[in-house]
Amino acid sequence: MTGVERTRPREARDSSMGVPEQRSMPAWASRPTVPVSAPAAVPEQSRGEHTHSEPPAPGIVARGVVERTSVRGQVLDALRAALVSGDLAPGEVYSGPALGERFGVSATPVREAMQQLAREGAVEVVPNRGFRVTRRSDRELAELAEVRALVEVPVVTRLARTVAPARWAELRPLVRATTAAAVVGDRAGYAEADRVFHRALLAFAGNDQVVRVADDLHRQVGWSTSDLAVDAHQHVVLLDALVAQDCGAVGLLVREHIGG
C-alpha cells in the first residue's frame, strides 16, 4: 500500500455503521409475552384519526421508548393489560397516533396490535377515528361462557379419567400464580396467569386445536369483571378433584368456574 493510510476517529466509524440504538422496555409494558396468532385482515381505517377529544388512558400514559425488537408484541401485551385493568375504558375511542405518542412508538405497531385486538373482539374499528373498546353485554358474556363450557367441560372431564393423578402436580405452580395475583388485586396479572393455567390444563388432551379455540374464547372474556379470590380458589378445588379422579365433581367445577 502506498501513501499514508488515513483513518477516521473510532467514534466516527462506529456512528457511520448505522447500528440501531437498543432501548429498554418501560416498566408499565414489561409483562411477559405469550405468542398470539397473526392479526386478521381487519380494515385499517385510522388514517386521519382525530385525537383532540380522546379520553386519557391513565395506565399507559407514561412516556418511554419501546424496545425496537418485537415492538408490536410488546405494545399488544401492554394494551391487553390496559384493557383488563380498565385503563382503556369500554365504549371509549382511542387513536393509533395518540397511543403511539404515549408509548413512544409510531402509530403503525399500535394499529397492528389494535387490529389483533379487533380480531379477538376486544375493540372495534371506528372509521377515521381509531378503535372503540368493546362493551360486553351480560348476554354476550353468557353466550361466550356457554361456548367455553361446550369445549372445556367434556375435555377436562375426560382428562380426570385418563391422566395419572401425580401429573397434576405440574399445575400447582400455575395455581399459586393465580392466587398470588388475586391476593394483590392485579387484574392484568391475574388474567394472564389464569390463561396460562387453562392452556396448560387443556394441553394434557394433546389437541392443539382445542387449546387454540379455548384460548381465543378466554381472551374474549378476559377483561370482564369477576371476583379474583373466588376464581383463584376454584382452581385449587378443581385441581384437587382432578387428583382424586372425581369426574362428576370435575365437570361441575369446570362449568361453575367458566360460568356456563
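**A cavity and a helix pair, set against their definitions**

Q: How do the residues of the lining of the second largest cavity divide into nonpolar, polar and charged?
A: In this predicted model, three residues of that lining are nonpolar, two are polar and five are charged.

Q: What makes residues of this lining nonpolar, polar or charged?
A: The lining consists of Arg 148, Glu 152, Arg 195, His 198, Arg 199, Leu 202, Val 211, Ala 214, Asp 215 and His 218. Helices H5 (138-162), H7 (187-203) and H8 (208-221) each give two or more residues to it. Leu 202, Val 211 and Ala 214 are nonpolar because Leu, Val and Ala belong to that class. Arg, Glu and Asp count as charged. His appears in neither list, so His 198 and His 218 are polar.

Q: How many cavities of 30 Å³ or more does the structure hold?
A: It holds two. The second largest has about 40 Å³ of space.

Q: Why is H6 called roughly antiparallel to H7?
A: The axes of H6 (residues 172-183) and H7 cross at roughly 160° and come within 9 Å. Angles over 145 degrees count as roughly antiparallel, and therefore H6 is described in this way relative to H7. The crossing is left-handed.

Q: Which residues of H6 and H7 meet?
A: From H6 come Leu 174, Val 175, Ala 177, Thr 178, Ala 181 and Ala 182. From H7 come Gly 189, Tyr 190, Ala 193, Asp 194, Val 196, Phe 197 and Ala 200. This contact has ten nonpolar, two polar and one charged residues. Asp 194 is charged because Asp belongs to that class, while Gly 189 is polar because Gly is counted there.

Conventions
Residues are numbered from 1 along each chain as its sequence is written. This is a predicted model: local features need pLDDT of at least 70, side-chain atom pairs count only at pLDDT 80 or more; totals for chains, interfaces and linings use all residues. Side-chain values use heavy atoms; hydrogens and water are left out. On a 1 Å grid over the protein atoms alone, a cavity is a set of points where a 1.4 Å probe fits but cannot get out, and a pocket is an open set with protein on both sides within 12 Å along at least five of seven lines; lining residues have an atom within 4 Å of a point. Grid points are joined across faces, edges and corners, and a volume is the space filled by probe spheres set on the points. Helices (H or I, at least four residues) and strands (E, at least two) are DSSP runs, numbered from the N terminus. Axes are lines fitted to C-alpha atoms, for helices over the stretch in contact, and angles run from 0 to 180 degrees between N-to-C directions. Angles under 35 degrees count as roughly parallel, over 145 as roughly antiparallel, 65 to 115 as roughly perpendicular and the rest as oblique. A crossing is left-handed if the near helix is turned anticlockwise from the far one by less than a right angle, and right-handed if clockwise. Contact means heavy atoms within 4.5 Å.
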